[in-house]
Amino acid sequence: MYTFLDYFFTVFHFSLILFNLTGWAWRKTRRIHLVCIGLTMVSWFGLGVFFGWGYCPCTDWHWQVKAKLGDTDLPTSYVKYYVDKVTGVQSDPFVVDAATLLLGLSAFALSCWRNWRDWKLRR
């Protein structure tokens with residue numbers, strides 16, 4: 001079961017990140033994207049007050065599954081974990097976190113702007 005959950009979280013989390021980065025681009029996905037990226041921001045900065053800045057429940061749950069599978073010494077950032085796994089190189093956590101923050105905030109700003117523009121056009 002834990003192996004299935006590991007694969008599930010890998011696919012789900014990667015898909016969520018991809019959607020958070022690009023979902024603002026298509027009119028049909030903009031509203032749900034705004035909700036999704038908004039929840040991500042609430043998690044990073046709201047829950048982050050209590051659990052550490054950039055907190056993501058998906059990462060937390062995935063790391064619990066990986067611990068059950070015997071995987072230890074995991075980074076705090078899922079993005080760093082994924083970048084390291086795909087490239088085979090140990091990336092700088094500061095650079096990865098900074099890029100993640102910059103891209104996440106940019107996607108949030110683009111989503112707000114595109115949703116506001118769509119709302120103005122409908123009026």
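The buried residues of helix 1 are a good place to start: D6, F9, H13, L16 and N20. Here buried means under 20% relative accessible area, exposed means over 50%, and partly exposed lies in between, using a 1.4 Å probe and protein chains only. Seen down the axis of helix 1, these buried residues fall within an arc of 105 degrees, so they line one face of the helix. The arc is taken from the directions that run from the helix axis to the C-beta atoms. On the face turned away from the buried side, helix 1 carries the exposed residues F4, Y7 and V11.

A word on what you are looking at: this is a predicted model, in which local features need pLDDT of at least 70, side-chain atom pairs count only at pLDDT 80 or more, and totals for chains, interfaces and linings use all residues. Residues are numbered from 1 along each chain as its sequence is written, and side-chain values use heavy atoms, with hydrogens and water left out.

Helices (H or I, at least four residues) and strands (E, at least two) are DSSP runs, numbered from the N terminus. The expected span of a helix is 1.5 Å times one less than its number of residues. Here are two helices to check against that rule:

| Helix | Number of residues | Expected span | Distance between end C-alpha atoms |
|---|---|---|---|
| helix 1 | 21 residues | 30 Å | 30 Å |
| helix 3 | 12 residues | 16 Å | 17 Å |

What do the buried residues of helix 1 pack against? They pack against helix 2 (30-51), helix 3 (57-68), helix 4 (78-87) and helix 5 (93-122); contact means heavy atoms within 4.5 Å.

Two residues of helix 1 show this in detail. D6 is found in helix 1 and counts as buried, because its relative accessibility is 14%. Not counting residues up to four places away in sequence, D6 touches H62, V65, K66 and L69. F14 also lies in helix 1, but F14 counts as partly exposed at 36% relative accessibility. Leaving aside neighbours within four places in sequence, F14 is in contact with F9, Y78 and Y82. F14 and V79 are 65 residues apart in sequence, yet 8.8 Å apart in space from C-alpha to C-alpha.

Now to helix 3, whose buried residues are C58, T59, H62, W63, V65 and K66. They cover an arc of only 160 degrees around the axis, which puts them on the same side of helix 3. Their cover includes helix 1 and helix 4. Helix 3 is followed by G70, whose phi is positive, near 90 degrees. In the loop between helix 3 and helix 4 sits D73. Phi of D73 is near 60 degrees, a positive value in a residue other than glycine, and D73 is exposed, with a relative accessible area of 76%.

Finally, the largest pocket holds about 1100 Å³ of space. A pocket is an open set of points on a 1 Å grid over the protein atoms alone, with protein on both sides within 12 Å along at least five of seven lines; lining residues have an atom within 4 Å of a point. Of the 41 lining residues, W44, G54, C56, V79 and T100 lie nearest the centre of the largest pocket. Helix 2 gives the most to this lining, with 10 residues.

Methods. On a 1 Å grid over the protein atoms alone, a cavity is a set of points where a 1.4 Å probe fits but cannot get out, and a pocket is an open set with protein on both sides within 12 Å along at least five of seven lines; lining residues have an atom within 4 Å of a point. Grid points are joined across faces, edges and corners, and a volume is the space filled by probe spheres set on the points.
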